[in-house]
Amino acid sequence: MSRSRHTDPEQIIARKRQARRGHRPGPRVVFRKPYPGDVDAVSKGLFRKLLRSIPPHYLFGLREIEFLPRSNSVGEPFAQYWENERRIVCYSLPRVWTWESLNENWCDGMRNWGAQVSEMLDGIEIRWRNERDLGIWFFDVIFCHELGHHFVHQYRRKRRPSHRMCELHNELLADLHRDRLMRFGS
């Protein structure tokens, strides 16, 4: 196969583009005041530390990461990737919240990250021991998933899809990249 920009790995593409532009890739990070009673999903210090563990080709082209107060119920959504703006928006969270129901895999996953998951009369209560456990869970599970959406969008021309991917395929790809990022040590 001939060498072209369509056959280069993402790391090479990012390195070539940043050399042309003369800067290291890196998004602007903005923290806004969280919703009353909430905390930022990840503290500033922890987020900056964890962000350094992300390979640069995953961050390349991402313009901004913004932490905002939530405007809906907890987890509707936790975070979003805004494709047209190349921006990830993360929403504030309380240390304790209740859901009517929760998938058993999510319950087990949250327990593995240090959450106490209890069944109550009005639903399932999620209680985080401390903000650090909440922050690490949020970064690894939620933020890296949204970063996976960015990665797929950033390098989509390399794959030349004949049609837009269906939503399920998009989510599965984002989860694949989240798992890869977790192996990098984030």
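Before anything else, my working rule: I call it a contact when heavy atoms are within 4.5 Å. Note to self: this is a predicted model.

**Entry: Met110**

I started with Met110 and asked what it touches. Leaving out residues up to four places away in sequence, I got Trp97, Trp99, Leu102, Ala115, Val117, Ile126, Trp128 and Trp137. Then I pulled up the largest nonpolar core, which has 45 residues. Met110 is among the members that touch the most others, along with Phe47, Trp97, Trp137, Phe138 and Phe143. Which element gives this core its largest share? That would be helix 5, with 10 residues.

**Entry: strand 5**

Two of the Met110 contacts, Trp97 and Trp99, sent me to strand 5, residues 96-99. I checked which way the side chains go. Trp97 and Trp99 point to one face and are buried, whereas Val96 and Thr98 point to the other and are not buried. That fits the general habit: in a regular strand the side chains alternate between the two faces of the sheet. For the partner I found strand 7, residues 123-128, running antiparallel to strand 5 and joined to it by 4 bridges. Opposite Val96 in strand 7 I found Arg127.

**Entry: aromatic rings**

I counted the aromatic pairs and got 17. One of them is Phe31 with Phe67, stacked at 4.3 Å centre to centre with 0 degrees between the planes. Phe31 is in strand 1 and Phe67 in strand 2, so this pair ties together parts 36 residues apart in sequence. Are these two buried or exposed? Both Phe31 and Phe67 turned out buried.

Next I looked at Tyr58 and Phe151, also a stacked pair, with 4.2 Å between centres and 25 degrees between the planes. Tyr58 sits in helix 3 and Phe151 in helix 5, so to speak distant parts of the chain, 93 residues apart. I have both Tyr58 and Phe151 down as buried.

I also followed the ring pairs into a cluster: Phe78, Trp97, Trp99, Trp106, Trp128, Trp137 and Phe138 are linked. Separately, I noted a charge over a ring, with the charged end of Arg70 sitting over Tyr35, 4.4 Å from the ring centre.

**Entry: helix 2**

Last stop was helix 2, residues 44-51, where I listed Leu46, Phe47, Leu50 and Leu51 as the buried residues. Why do they end up on the same side of helix 2? Because they cover an arc of only 130 degrees around the axis. I then asked what they pack against, and found strand 1 (28-31), helix 3 (56-59), strand 2 (64-68) and helix 5 (131-154).

Notes:
Residues numbered from 1 in each chain as written. Predicted model: local features only at pLDDT ≥ 70, side-chain atom pairs only at ≥ 80, totals over all residues. Heavy atoms only, no water. Buried < 20%, exposed > 50% of the residue type's maximum accessible area, 1.4 Å probe, protein only. Arc of directions from axis to C-beta. Phe/Tyr/Trp six-rings, centres within 6.5 Å; stacked < 30°, edge-to-face > 60°. Lys NZ or Arg CZ within 6 Å of the ring centre and 35° of its normal. Core = buried A, V, L, I, M, F, W, Y, C linked by side-chain atoms within 4.5 Å. Pairing = 2+ DSSP bridges.
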